[in-house]
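This report examines a single structure, with attention to its charged pairs, its sheet and its pocket. The sequence and the model are shown first.

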Amino acid sequence: MSLNYVKHGLMAILPLFLLISAHEVKAEYGLNMTKGVTPISHIVYDLHMLILWICVVIGIVVFGAMFWSILHHRKAKGASAAQFHHNTTIEIIWTVIPALILVAMAYPATKTLIAMEQTGDADVLIKVTGHQWKWQYDYIDEDIRFFSSISKSSNEAAPLDSGIDPWDVPYYLLDVDKPVVVPVNRKIRFLITANDVIHSWWVPDLGFKKDAIPGFINESWALVEEPGTYRGQCAELCGKGHAYMPIVLVAKEESDYKQWVAEMKAAQAAESAGVEKTWSKADLMAKGEAVYGTNCVACHQANGEGIPGVFAALKGSPIATGPIKDHINIVLNGKA
């Protein structure tokens, strides 16, 4: 296997395990959970640490007793194994104590689960829809809708013959063209679903991960306490482009968020108004390249040759070289 194959394979897998900080270029190779920037993420982290230390203490006690018994009751010291079948006192102790420990662990865990389900009284309502392989965001109260796809730089570096070293691409496979934007210190309710197969919307800093299931709506909420950029990925194996579904969430101050909303509404209003524009060939070529790099390259590849036996090649095909009318029809209406 060539070094190039190994390098690209590793770069496609690594983002599933590396948690990228909003303020650092390099990945954090941490062994613990992400503390996060929301109240829920803090509660989840504290619960995790509580259960972890309880398990550590139990492990020390159990293995300590085991090793002590092995050391002091070994045959070399002349120890003789006791012959008994049952001890009521010991059985009561090793039943009651674990039960009490489980109850003590269940109480904070239940409180955390209840808190995670309190999605009411939200300030912002966002519907998240997973597609193969991109995310769609609908701001229900603001009537804003857009798709968020993997960044052009990651797409260009992904093919094995791209000639681009993925290690030189900032946030390789973890950057998008349009991030989802939220205000800080405002409760955000997320409605999460999918259009085709099961996906999973996961941003570690928010403290939750929810499956996006076709025909079903999951929900969760977040209140981001610090402005910044927070990254995640689809966490459900959803097909060939699974590694190409990053999530970028940008938290802004209230005033900056309102300005972003106004700009998005103005842009969508201008687009829906059907304002006539004269396009030069250079404009059309640039726009076409951007659209291809965003929507088509995942299947047909950057060189247009597709994947033999999986996705048809565009390069040299009757559609690409035939009548323009047929070409436009397939682009607008699809094949089926």
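Arginine 186 is partly exposed in this predicted model, with a relative accessible area of 33%. Its salt-bridge partner is glutamate 254, and the closest N and O atoms of the two are 3.5 Å apart. The pair links distant parts of the chain, since arginine 186 lies in the loop between β4 (180-183) and β5 while glutamate 254 belongs to helix α5, 68 residues apart. Glutamate 254 has a relative accessible area of 25% and is likewise partly exposed. That class covers values between the 20% limit for buried residues and the 50% limit for exposed ones.

**Salt bridges**

The structure holds nine salt bridges. Three of them are set out below, with the separation of their closest N and O atoms.

| Acidic residue | Basic residue | Closest N and O atoms |
|---|---|---|
| Glutamate 142 | Lysine 265 | 2.9 Å |
| Glutamate 254 | Arginine 186 | 3.5 Å |
| Glutamate 219 | Arginine 189 | 2.6 Å |

Glutamate 142 forms its salt bridge with lysine 265. Glutamate 142 is in the loop between β2 (134-139) and β3, and lysine 265 is in helix α5 (residues 254-272), so this pair ties together parts that are 123 residues apart in sequence. Relative accessible area is 26% for glutamate 142, which is partly exposed. Lysine 265 is also partly exposed, at 38%.

The salt bridge of glutamate 219 with arginine 189 connects two strands. Because glutamate 219 lies in strand β8 and arginine 189 in strand β5, the pair ties together parts that are 30 residues apart in sequence. Glutamate 219 counts as partly exposed at 26% relative accessibility, and arginine 189 does so at 27%. Elsewhere, Lys152, Glu156 and Glu289 are joined into one network by salt bridges that share partners.

**The sheet**

Strands β5 and β8 also belong to an open sheet of five strands, arranged in the order β3-β2-β1-β5-β8 with mixed pairing. At the edges stand β3 (144-148) and β8 (218-222); each has a single partner strand, so one side of each is left without a neighbour in the sheet. From one strand to the next, the twist averages 20 degrees.

Within this sheet, strand β1 (residues 124-131) runs parallel to strand β5 (residues 188-194), and seven bridges join the two. Lysine 127 stands opposite leucine 191 of β5.

**The largest pocket**

The largest pocket encloses about 1600 Å³ of space. Its lining consists of 39 residues, and those nearest its centre are Tyr292, Cys296, Leu314, His327 and Val331. Two or more lining residues come from each of the elements α6 (281-300), α7 (318-321) and α8 (324-333). Helix α6 gives the largest share, with 13 residues.

What is the chemical character of the residues of this lining, nonpolar, polar or charged? The lining divides into 21 nonpolar residues, 13 polar residues and five charged residues.

How values were computed. Residues numbered from 1 in each chain as written. Predicted model: local features only at pLDDT ≥ 70, side-chain atom pairs only at ≥ 80, totals over all residues. Heavy atoms only, no water. 1 Å grid on protein atoms, 1.4 Å probe; cavity = no way out; pocket = protein on both sides within 12 Å on 5 of 7 lines; lining within 4 Å. Points joined across faces, edges and corners; volume = space filled by probe spheres on them. Helix = DSSP H or I, 4+ residues; strand = E, 2+ residues; numbered from the N terminus. Nonpolar A, V, L, I, M, F, W, Y, C, P; charged D, E, K, R; others polar. Pairing = 2+ DSSP bridges. Axes fitted to C-alpha atoms, helices over the stretch in contact; angles between N-to-C directions. Salt bridge = Lys/Arg side-chain N within 4 Å of Asp/Glu carboxyl O. Buried < 20%, exposed > 50% of the residue type's maximum accessible area, 1.4 Å probe, protein only.
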